[in-house]
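User: I would like to go through this model and ask, for each label attached to it, what the label rests on. Please set the values against the cut-offs as you answer.

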Amino acid sequence: MSIRVGIIGYGNLGRGVECAIKQNNDMELVAVFTRRPPQEVNILTETAKVYHVDEVVGMKDSLDVVILCGGSATDLPKQTPEYAKYFNVVDSFDNHANIPAHFDEVNKTSTENGNVAIISVGWDPGMFSLNRLYANAILPVGSDYTFWGKGVSQGHSDAIRRVAGVKDGKQYTIPVEAALESVRNGENPKLTAREKHTRECFVVAEEGADLAKIEQDIKSMPNYFADYDTTVHFISEEELKKNHSGIPHGGFVIRSGKTGWEEEHSHIIEYSLKLDSNPEFTSCVLVAYARAAYRLNKEGHKGCKTVFDIAPTYLSAKSPEELRKELL
Ligand code: NDP
């Protein structure tokens, strides 16, 4: 029998999870739950139905795991501890500073009710965190480097759109090639924010707006742009739509380590992602961890976990026996 999955929240991730389930034969999408009127939300899976989120608890016995696809700012801090009372759940909570507090909240309700919850699943946090952990455990003496991009930063794009005179805008974070090269050569450079990334902005200005002032306001914005070399391009609304409507992202996690006693040797571990669609990829990770949540719960586990706590075998659709044959 396939794993019966529910989705709560149907935005970019919700749609991505729906696509990802289609690629996993051991899983089946049963229902999508939304806070909007269900008739306004059109899903693609013909065998699944859209319900109002108030109906989800009533479907407790029809779902093995629920993937929470709300936003990290205000949805998940409420939704994950609440729905972990009733279901095995997985979320993509990415508010780094608040992960420990989120863990505690979710751990309480999931443990009390005998469910498994896996939080902060995705690529960052998620696959990047896991690869940093593996690399640090293997090479305890060394330095970590994380580069992001080339990709769209939602936070920086929002910041541009708040500048007076800006109608719309997109921001790309781009790693500095020379910095990447130096790290890959084992030079262990000390890099400032400016030396690691540049920021490129595509801005649609309101009619008659002072372009020089907009550019200055963006480039001098503290926290977001002031510490980086930033380029601002003014483009038309049509151009923004045509060339910048995608949500690509990715990056590099690199550990540069040393081993040896009298003679020293250098080692570089690199994990990289080049994603055409940030939400579709994040959703693929969520679905693999949903499988793990379901399996762990079947084995009697409960409580909150992160990607650090899940053994790789639980993620794979293959059995442990099949996987062992692939060790070599
Ligand atoms: P969206 O803004 O697309 O969706 C968030 C919620 O908004 C949805 O669940 C939906 O809830 C509601 N919504 C979506 N579209 C509409 C609409 N047209 N009208 C009204 N409401 C709508 O966010 P994303 O899916 O792009 O991202 C969700 C979170 O995922 C982000 O906040 C981010 O923190 C996290 N994330 C994590 C990553 C990681 O690596 N860990 C990577 C990428 C993202 P409802 O259906 O109930 O209305």
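Analyst: Let us begin with a pair of helices: in this predicted model, helix 2 (residues 76-83) packs against helix 3 (residues 99-112) at an angle of about 25°, and their axes are 7 Å apart.

User: Why are helix 2 and helix 3 called roughly parallel to each other?

Analyst: Angles under 35 degrees count as roughly parallel, and the angle between helix 2 and helix 3 is about 25°, so the two helices are roughly parallel to each other. The crossing of helix 2 and helix 3 is also right-handed.

User: How many salt bridges are there in the whole structure, and what makes the contact between Asp-64 and Arg-4 one of them?

Analyst: A search of the whole structure finds 16 salt bridges. For the side chains of Asp-64 and Arg-4 the N to O distance is 3.0 Å, and the cut-off is a side-chain nitrogen of Lys or Arg within 4 Å of a carboxyl oxygen of Asp or Glu, so the pair qualifies as a salt bridge. This pair links distant parts of the chain, since Asp-64 is in the loop between strand 3 (49-52) and strand 4 (65-68), Arg-4 is in strand 1 (residues 3-8), and the two are 60 residues apart.

User: Is Asp-64 buried or exposed, and what is Arg-4 called by the accessibility cut-offs?

Analyst: Buried means under 20% relative accessible area, so Asp-64, at 13%, counts as buried. Arg-4 has a relative accessibility of 22%, which falls between the limits of 20% and 50%, and therefore Arg-4 counts as partly exposed.

User: What do the side chains of Arg-35 and Asp-75 form, and why can that pair be said to tie together separate parts of the sequence?

Analyst: The side chains of Arg-35 and Asp-75 meet in a salt bridge, with 2.7 Å from N to O. Arg-35 lies in the loop between strand 2 (27-34) and strand 3, whereas Asp-75 lies in the loop between strand 4 and helix 2, so the pair ties together parts that are 40 residues apart in sequence. Arg-35 has a relative accessible area of 52% and is therefore exposed, the limit being over 50%, while Asp-75, at 16%, counts as buried.

User: Which salt bridge involves helix 7 and strand 11, and how do you know that its two residues are partly exposed?

Analyst: The side chains of Asp-229 and Arg-194 meet in a salt bridge of 2.7 Å, N to O. Asp-229 lies in strand 11 (residues 229-234) and Arg-194 in helix 7, so this pair ties together parts that are 35 residues apart in sequence. The relative accessible area is 41% for Asp-229 and 35% for Arg-194; partly exposed covers the range between 20% and 50%, so that label applies to Asp-229 and to Arg-194.

Analyst: Ala-193 is also found in helix 7 (residues 193-196), and its C-alpha atom is separated by 6.6 Å from that of Tyr-228, 35 residues apart along the chain. With a relative accessible area of 34%, Ala-193 is partly exposed.

User: What makes Leu-133 eligible for the nonpolar patch on the surface?

Analyst: The patch is formed by Leu-133, Tyr-134, Ile-138, Ile-269 and Phe-308, with about 470 Å² of accessible area together. Patch residues need over 30% relative accessible area, and Leu-133, with 37%, is therefore above that limit and partly exposed. Leu-133 lies in helix 4, and helix 4 (residues 127-138) contributes the largest share of the patch, 3 residues.

User: What is unusual about the backbone at Ser-120, and where are cis peptide bonds found?

Analyst: Most residues other than glycine have a negative phi, and most peptide bonds are trans. Ser-120 is not a glycine, yet its phi is positive, about 60°; this residue lies in the loop between strand 6 and helix 4 and, with a relative accessible area of 4%, is buried. One cis peptide bond joins Asp-124 and Pro-125, with omega about 5°, and another joins Gly-149 and Lys-150, with omega about 0°.

Terms used:
Residues are numbered from 1 along each chain as its sequence is written. This is a predicted model: local features need pLDDT of at least 70, side-chain atom pairs count only at pLDDT 80 or more; totals for chains, interfaces and linings use all residues. Side-chain values use heavy atoms; hydrogens and water are left out. Patches are made of residues with over 30% relative accessible area and no salt bridge: like charges are joined within 9 Å, nonpolar side chains (Val, Leu, Ile, Met, Phe, Trp, Tyr) within 5 Å. Accessible areas come from the Shrake-Rupley method with a 1.4 Å probe; for residues, only the protein chains shown count as cover. Helices (H or I, at least four residues) and strands (E, at least two) are DSSP runs, numbered from the N terminus. Buried means under 20% relative accessible area, exposed over 50%, partly exposed in between (1.4 Å probe, protein chains only). Axes are lines fitted to C-alpha atoms, for helices over the stretch in contact, and angles run from 0 to 180 degrees between N-to-C directions. Angles under 35 degrees count as roughly parallel, over 145 as roughly antiparallel, 65 to 115 as roughly perpendicular and the rest as oblique. A crossing is left-handed if the near helix is turned anticlockwise from the far one by less than a right angle, and right-handed if clockwise.
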